[in-house]
Amino acid sequence: MSLLVVGLSHRTAPVGVLERAALTGDVPTRLLHDAAATATVGEAALLNTCNRIELYADVDKFHAGVAELSLLLAHHSGVDLEELTSHLYVHYEDRAVHHLFSVACGLDSMVVGEGQILGQLRDALAKAQEEHTAGRGLNELFQQALRVGKRAHSETGIDKAGQSLVTFGLEQVAAGAGEIAGKRALVVGAGSMSSLAAATLVRSGVGSLMIANRTPERAERLVEILGPGAARTVELAKVPEALAEVDLVISCTGAAGVVIRAEDVAAAVAARDSRTPLAFLDLAMPRDVDHAVHELPGALLVDLESLSHAHAATPGAGDVDAVSGIVAEEVTAFGAAQRAARIAPTVVALRAMASDVVSAELGRLDSRLPGLDERSRAEITQTVRRVVDKLLHAPTVRVKQLAAEPGGASYADALRELFDLDPAAVHAVSGTPVGAQQPAGGPHAVGGVR
């Protein structure tokens, strides 16, 4: 496959742009289908998280693929193409695989080493499979990325170097509003990130915990999971009133607009009798908490933008180099396996052609020597097949070895030319329609638009 990645993340776009580009509701599904329906794309998957939007596609043309996927991202995100392009990055073939494996290991996360990305990658693959936009190529690639991520976490101390976004965010909250233990808390949302936040708060020893969600049943389910007495639900409509009863609010919903307004926060601050700030940890993209809360006295807002700045100032972990080495090793191995797989149909077609030639010649022998006894015929047949197998063994083994190296696809072309193999026979083995376009255009190591 010729993998192309077009996307933007916290590394290339300010939070304001990521917020406007956030894909909510049924938009991710529509984008996925539109990407898979383009002429240059064979398979497509979408990784859509709070701080990255990435389209992964198997393309047959580099430049056309970049143009089409960029246009689709602009169209579905609502951000003007010219503005969006300045924040996009593009990776192709081995560089694209390297990027995905790095993402899976947490090397490209806002909080380096965090493990939540593995679940997000798993969800992205499951969604593409459910929508029938991912085939064998992307399935193998994403499954390998998940294995690489797990290997990095099991063989290195990257877990110690990084934390979940929730844990890192709570550390920033504690630095400005005091220890989490004993605080009265409210979690708005009941998705995976909100559930992680709620569980983290319970482990941190909060004094009380309320869960609010647009769908009450999901909030009740989360309360059940947290255990008896750990939390209770509150109606989403009553969140403005509940603000005055808590010390900490964590919000991560999929809402398209602001969920917690500055005027409601101001009213809650005025009604509180605590000297510590009313703290907010906003992990949503687009933001749930009005940005104006940053300016309110008596309130502390930690959002993705402030988390990005805070983490940029922290020292890198020593295990990052070890994980980078694992990624490089796995990319090389994956690339070699993919290149070797590409020549397999040609080798199979060559052996099939040789078998046909042997069968035809043995048929001619039967017509010329009709009186040949079965024992003699069997010995001749075995001898001829052994000669053909020995003649083909060395070149087919060697061509597989050579094909695993960069640029190895040319050996498959040479084999087809030298033995005048019927293209239909090769494509029949690979399952690719005759006349299908081969990947063309574009460098093999594109670092990105920026």
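Phe101 has a relative accessibility of 0%, so it counts as buried. This is a predicted model, and Phe101 makes a good way into it.

The ring of Phe101 has a partner. Its centre lies 5.9 Å from that of Phe334, and the two planes stand at 75°, so the pair is edge-to-face. Phe101 belongs to helix 5 (residues 94-104) and Phe334 to helix 15 (residues 320-368). The two are 233 residues apart, so to speak of distant parts of the chain being linked here is fair. Phe334 is buried because its relative accessible area is 12%, under the 20% cut-off.

How many aromatic pairs does the whole structure hold? A search finds 3. Another of them joins Tyr56 and Phe142. Here the ring centres are 5.4 Å apart and the planes make 80°, so this pair is edge-to-face. Tyr56 sits in strand 3 and Phe142 in helix 7, with their positions 86 residues apart in the chain. Both Tyr56 and Phe142 are buried.

Tyr56 leads to the sheet. The sheet is open, with 4 strands in the order 2-3-1-4 and antiparallel pairing. Which strands stand at the edges? They are strand 2 (41-49) and strand 4 (89-92); each has a single partner strand, so one side of each has no neighbour in the sheet. On average, neighbouring strands are turned by 15° against each other, direction ignored.

Now take the pairings of strand 3. Strand 1 (residues 3-9) and strand 3 (residues 52-59) are antiparallel and share 7 bridges. Within this pairing, Val6 has Leu55 as its bridge partner in strand 3. Strand 2 also runs antiparallel to strand 3, and 8 bridges join them. There, Leu47 stands opposite Glu54 of strand 3. Strands 2 and 3 form a hairpin, with 2 residues between them.

Is strand 3 enclosed or open to the outside? Of its 8 residues, 8 are buried, so the rest of the structure largely encloses it. In a regular strand, side chains alternate between the two faces of the sheet. Both faces of strand 3 are covered. Arg52, Glu54, Tyr56 and Asp58 are buried on one side, and Ile53, Leu55, Ala57 and Val59 are buried on the other.

Helices pack on this sheet. Helix 3 (residues 62-77) touches strand 1, strand 2, strand 3 and strand 4, and its direction makes about 35° with that of strand 1. Helix 7 (residues 136-155) lies across strand 1, strand 2 and strand 3. It runs at about 35° to strand 2.

Next come the nonpolar cores. In soluble globular proteins, nonpolar side chains tend to be buried together. The largest core here has 67 residues. Leu201, Leu209, Ile211 and Leu283 touch the most other members. Beyond its neighbours within four places in sequence, Ile211 contacts residues including Val187, Ala198, Leu222, Val223, Leu226 and Val234. Another core, of 34 residues, lies apart from the largest one. Among its members are Leu100, Val103, Leu138 and Leu141.

Helix 9 (residues 165-177) closes the tour. At 1.5 Å a residue, its 13 residues should span 18 Å, and the end C-alpha atoms are 18 Å apart, which agrees. Its buried residues are Leu165, Val166, Phe168, Gly169, Leu170, Val173 and Ala177. Gly178 follows helix 9 and has a positive phi, near 90°.

Key
Residues are numbered from 1 along each chain as its sequence is written. This is a predicted model: local features need pLDDT of at least 70, side-chain atom pairs count only at pLDDT 80 or more; totals for chains, interfaces and linings use all residues. Side-chain values use heavy atoms; hydrogens and water are left out. Two strands pair if DSSP finds at least two bridges between them. Axes are lines fitted to C-alpha atoms, for helices over the stretch in contact, and angles run from 0 to 180 degrees between N-to-C directions. Contact means heavy atoms within 4.5 Å. A nonpolar core is a set of buried Ala, Val, Leu, Ile, Met, Phe, Trp, Tyr and Cys residues joined through side-chain atoms within 4.5 Å. Buried means under 20% relative accessible area, exposed over 50%, partly exposed in between (1.4 Å probe, protein chains only). Rings of Phe, Tyr and Trp (its six-membered ring) pair if their centres lie within 6.5 Å; planes under 30 degrees apart count as stacked, over 60 as edge-to-face and the rest as tilted. The expected span of a helix is 1.5 Å times one less than its number of residues.
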